[in-house]
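Hi there,

Here is the structure I promised to pass on. Please have a look at it, and then read on for my notes.

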Amino acid sequence: QVQLVESGGGLVQAGGSLRLSCAASGGTFSNYAMGWFRQAPGKEREFVAGISSGGITFYVDSSVEGRFTISRDKAKNTMYLQMDRLKPEDTAVYYCAAGLVVSTREYDYWGQGTQVTVSS
């Protein structure tokens with residue numbers, strides 16, 4: 001059973017940056033593809049970015065392309081989401097997820113989420 005814990009959320013002004021972390025435990029980190037999702041109030045959860053188990057292949061949604069960067073550190077069993085040039089529409093609860101393949105929808109394990117609020 002894989003446990004995922006997100007951290008790094010908070011309140012930031014538009015144009016600012018945050019780095020989210022997702023710490024994994026209870027499994028072999030390098031076996032899993034990882035992903036970031038977000039859910040804004042009143043909206044469905046949406047895919048943000050994904051990275052393969054080896055960290056070589058990654059996908060970023062067009063809404064954040066050029067502003068967000070996904071990465072992972074095998075030695076620390078941690079995945080990151082560097083978020084730059086944040087916009088108010090990026091405000092959401094951000095979730096990390098783990099699964100056998102990179103997907104925009106299906107993952108086996110989910111974290112509890114961390115709130116990101118971007119003020120205008």
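What volume does the largest pocket have? About 190 Å³. Please keep in mind that this value, like the others below, comes from a predicted model.

Let me stay with that pocket for a moment. Its lining is made up of Phe37, Glu44, Arg45, Glu46, Phe47, Thr104, Arg105, Glu106 and Trp110. Sorted by class, five of the lining residues are charged, three are nonpolar and one is polar. The charged residues here include Glu44 and Arg45, while Phe37 and Trp110 are among the nonpolar ones.

Next, the enclosed space. One cavity of 30 Å³ or more turns up in the structure, and the largest cavity holds about 40 Å³ of space. Around the largest cavity you will find Val2, Ala24, Ser25, Gly27, Thr28, Phe29, Tyr32, Met34 and Ala98. No charged residue takes part in this lining, which divides into six nonpolar and three polar residues.

Now to the cysteines. Searching the whole structure gives one disulfide. Cys22 and Cys96 are the partners, with 2.1 Å between their sulfur atoms. The two cysteines come from distant parts of the chain, 74 residues apart: Cys22 belongs to strand E3 (residues 18-25) and Cys96 to strand E9 (residues 92-99). As for handedness, the S-S torsion of Cys22 and Cys96 is about 60°, so this disulfide is right-handed. Both Cys22 and Cys96 are buried.

One more residue that you may like to look at is Thr114, which sits in strand E11 (residues 114-119). Is Thr114 buried or exposed? Thr114 is buried, because its relative accessible area is 11%, and the cut-off for buried is under 20%. The Thr114 side chain comes to 3.3 Å from the backbone nitrogen of Gly9. Gly9 also appears among the contacts of Thr114 once neighbours within four places in sequence are left aside. The other residues on that list are Glu6, Ser7, Gly8, Leu20, Ala92, Val93 and Tyr94.

If you open the model in your viewer, you could begin with the Cys22 and Cys96 disulfide, move on to Thr114 and its side-chain approach to Gly9, and finish at the pocket lined by Trp110 and its companions, including Arg105 and Glu106.

Happy to talk any of this over whenever it suits you.

Best wishes

Methods: Residues are numbered from 1 along each chain as its sequence is written. This is a predicted model: local features need pLDDT of at least 70, side-chain atom pairs count only at pLDDT 80 or more; totals for chains, interfaces and linings use all residues. Side-chain values use heavy atoms; hydrogens and water are left out. Helices (H or I, at least four residues) and strands (E, at least two) are DSSP runs, numbered from the N terminus. Buried means under 20% relative accessible area, exposed over 50%, partly exposed in between (1.4 Å probe, protein chains only). A polar contact is a pair of N or O atoms within 3.5 Å; within protein, one must be able to donate a hydrogen and the other to accept it, and residues adjacent in sequence count only if both atoms are side-chain atoms. Contact means heavy atoms within 4.5 Å. On a 1 Å grid over the protein atoms alone, a cavity is a set of points where a 1.4 Å probe fits but cannot get out, and a pocket is an open set with protein on both sides within 12 Å along at least five of seven lines; lining residues have an atom within 4 Å of a point. Grid points are joined across faces, edges and corners, and a volume is the space filled by probe spheres set on the points. A disulfide is a pair of cysteine sulfur atoms within 2.5 Å.
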